[in-house]
Amino acid sequence: MSLEERLRIADLHLGGTGVRRIAALVGRSAATISRELARGGSKTGPQARTKYAPYAAQKQAELRGRRPKASKFDHPELALVVQKKLCLKWSPEQISDHLAAVFPDRQEMRVSPEAIYQALYGGGRGGLRGDLHQHLRTGRAIRRPRRPAAKNSGKIPDMTMISERPAEVEGRAVPGPWPWESQCL
């Protein structure tokens, strides 16, 4: 969302226009506008949801969008715990659940199983070593889908193409078999 859109949202919101009307005028979803007003609003005071600061919202959005993003594994304590558990052949799911149980009040010590997989298969981002994928139960260095793609996906075996039908079918002169004729009575 651009600064111009945020300024327009601020003007409309300040004028008392509702979220759905703002969404229609700006060409965005009502949920997007509501989220933007909540994010860009004042965090303190009785007018927390009614005061919207477009310049501050733009600055926050730019900071959130910066690349490269910091890795969760830049936190050395988290990286060490994950490495130790991987060396003990724990799965990323077990590690994630363990961290949530042992460190319930520390957000910096929480990590999802998917983040562990991405760090392992992404060449060891952050504090994780790149060779830790060997400790996974599969031992693979490359991530593969769970199910292989079907060889004949979407194709019917021994299918007769419409262009190959006999000529009498086209004119509908000869009645064909009815679905109930093939069933046993």
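Visitor: Why does Lys-89 count as partly exposed?
Guide: In this predicted model, Lys-89 has a relative accessibility of 42%. Buried would need under 20%, and exposed would need over 50%. The value falls in between, so Lys-89 counts as partly exposed.

Visitor: Where is Lys-89 found?
Guide: Look at the loop between α5 and α6. There, Lys-89 has a phi of about 65°, a positive value, although this residue is not a glycine.

Visitor: What makes a positive phi worth pointing out in a residue other than glycine?
Guide: Most residues other than glycine have a negative phi. Against that background, the positive phi of Lys-89 is a feature to look at in the model.

Visitor: Let's move to the helices on either side of that loop. What makes α5 oblique to α6?
Guide: Helix α5, residues 76–87, packs with α6 at an angle of about 135°, and their axes are 10 Å apart. Roughly parallel needs an angle under 35 degrees, roughly antiparallel one over 145, and roughly perpendicular one from 65 to 115. An angle of about 135° fits none of these, so α5 is called oblique to α6. The handedness of this crossing is right-handed.

Visitor: Which residues in α5 and α6 meet?
Guide: From α5 come Leu-78, Val-81, Val-82, Lys-85 and Leu-86, and from α6 come Ile-95, His-98 and Leu-99. By class, this contact has six nonpolar residues, one polar and one charged.

Visitor: And the next pair along: what makes α6 oblique to α7?
Guide: The axes of α6 (residues 92–102) and α7 (residues 113–121) cross at roughly 130° and come within 8 Å. That angle is outside the 65 to 115 range for roughly perpendicular and is not over 145, so α6 is oblique to α7. Here too, the crossing of α6 and α7 is right-handed.

Visitor: Which residues meet where α6 contacts α7?
Guide: In α6 they are Pro-92, Glu-93, Ile-95 and Ser-96, and in α7 they are Pro-113, Ile-116 and Tyr-117. This contact has five nonpolar residues, one polar and one charged. Notice that Ile-95 of α6 meets residues in α7 and also belongs to the contact with α5.

Visitor: At the start of the chain, how do α1 and α2 cross?
Guide: Helix α1, residues 3–14, and helix α2, residues 19–26, cross at roughly 145°, with axes that come within 10 Å. The crossing is right-handed. Glu-5, Arg-8, Ile-9, Leu-12 and His-13 in α1 meet Ile-22, Leu-25 and Val-26 in α2. Five residues of this contact are nonpolar, one is polar and two are charged.

Visitor: Why does Ser-34 count as partly exposed?
Guide: Ser-34 lies in helix α3, residues 30–39. Its relative accessibility is 29%, which is neither under 20% nor over 50%, so Ser-34 counts as partly exposed. As a distance to try on your screen, the C-alpha atoms of Ser-34 and Ile-22 are separated by 9.6 Å, and the two residues are 12 apart along the chain.

Visitor: What about the whole chain: how many helices and strands does the protein chain have?
Guide: There are eight helices and zero strands. Of the 185 residues, 22% count as buried. The accessible surface comes to about 13,800 Å², with 54% of it belonging to carbon and sulfur atoms. Among contacts between residues at least 6 apart in sequence, 50% join residues at least 24 apart.

How values were computed
Residues numbered from 1 in each chain as written. Predicted model: local features only at pLDDT ≥ 70, side-chain atom pairs only at ≥ 80, totals over all residues. Heavy atoms only, no water. Axes fitted to C-alpha atoms, helices over the stretch in contact; angles between N-to-C directions. Helix = DSSP H or I, 4+ residues; strand = E, 2+ residues; numbered from the N terminus. Left-handed = near helix turned anticlockwise from the far one by under 90°. Contact = heavy atoms within 4.5 Å. Nonpolar A, V, L, I, M, F, W, Y, C, P; charged D, E, K, R; others polar. Buried < 20%, exposed > 50% of the residue type's maximum accessible area, 1.4 Å probe, protein only. Areas by Shrake-Rupley, 256 points an atom, 1.4 Å probe, with all protein chains shown as cover.
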